[in-house]
Amino acid sequence: MPVLLAVAALAALALPLSAPLAQPRAAFNCVGAEKLEDDVFEVPFAPRSARPREAARTPVAAAAALAREAPERNICVLGHASREGGQATSTQLAARRAREVAEMLSVGHGIERDRIRAEARNPGFSQRTANREARSVTIVVLPARP
């Protein structure tokens, strides 16, 4: 019995060595993503809610389909919240919304998690920054890197 355990342990150690090594995906960021106009999808949320509405399925599925067609393109999920409570509360809500949509893309549609970056975008209480109440989360499928 100890011989079988030793053989099994050696076989388990050899597996990772024989498996092909995957190339790590290059790091990316979402700076400027909100300015892009192509391949942008809006996901609605109810006020003060981090749960996607039923209407969220269509834009998330469309973004996932585009991402599957072009595996070299990364995805920014930008969570927005209207001035729902204070600054910190709105930012936390925006972050939870972005995480929910990122999970829908990765778990629900099989998009690799390292291709998705979820961020909160909160205009705060600035009078000069547009407040994105109408679109609670924006999915941006980024252009491929040259």
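**Close-ups of a predicted model**

**View 1. Strands β1 and β4 side by side.** β1 and β4, the latter covering residues 137–141, run antiparallel and share 4 bridges. If you want one spot to look for in this predicted model, try V43, which sits opposite V137 in β4.

**View 2. The two faces of β1.** As a rule, side chains in a regular strand alternate between the two faces of the sheet. Here the strand to look at is β1, residues 40–43. Which of its residues are on the covered face, and which on the uncovered one? F41 and V43 are on the covered face, while V40 and E42 are on the uncovered face. So V43, the residue facing V137 across the pairing with β4, belongs to the covered side of β1.

**View 3. The whole sheet.** Step back a little and you'll find 4 strands making up an open sheet, with mixed pairing. Follow them across and the order reads β1-β4-β2-β3. At the edges are β1 and β3 (116–120), each with a pairing partner on one side only. On average, neighbouring strands here are turned by 20° against each other, ignoring direction.

**View 4. Strands β2 and β4.** Now for another pairing within the sheet. β2 and β4 are antiparallel too, and 5 bridges connect them. A handy landmark is V77, which stands opposite I139 in β4.

**View 5. The disulfide.** How many disulfides does the model have? The count is 1, and that disulfide joins C30 to C76, with an S to S distance of 2.0 Å. The two cysteines come from distant parts of the chain, 46 residues apart: C30 is in the loop between α1 (2–18) and β1, whereas C76 is in strand β2, residues 75–79. Are these cysteines buried or exposed? Both C30 and C76 are buried. Why is the disulfide called left-handed? The torsion about the S-S bond of C30 and C76 comes to about -100°, so the disulfide is left-handed.

**View 6. The largest pocket.** Last stop: the largest pocket, with a volume of about 180 Å³. Its lining is made of 11 residues. Nearest the pocket's centre you'll meet F28, N74, L142, P143 and R145. What classes of residue make up the lining? There are 5 nonpolar, 2 polar and 4 charged residues.

Technical notes. Residues numbered from 1 in each chain as written. Predicted model: local features only at pLDDT ≥ 70, side-chain atom pairs only at ≥ 80, totals over all residues. Heavy atoms only, no water. 1 Å grid on protein atoms, 1.4 Å probe; cavity = no way out; pocket = protein on both sides within 12 Å on 5 of 7 lines; lining within 4 Å. Points joined across faces, edges and corners; volume = space filled by probe spheres on them. Nonpolar A, V, L, I, M, F, W, Y, C, P; charged D, E, K, R; others polar. Buried < 20%, exposed > 50% of the residue type's maximum accessible area, 1.4 Å probe, protein only. Pairing = 2+ DSSP bridges. Disulfide = S-S within 2.5 Å. Axes fitted to C-alpha atoms, helices over the stretch in contact; angles between N-to-C directions.
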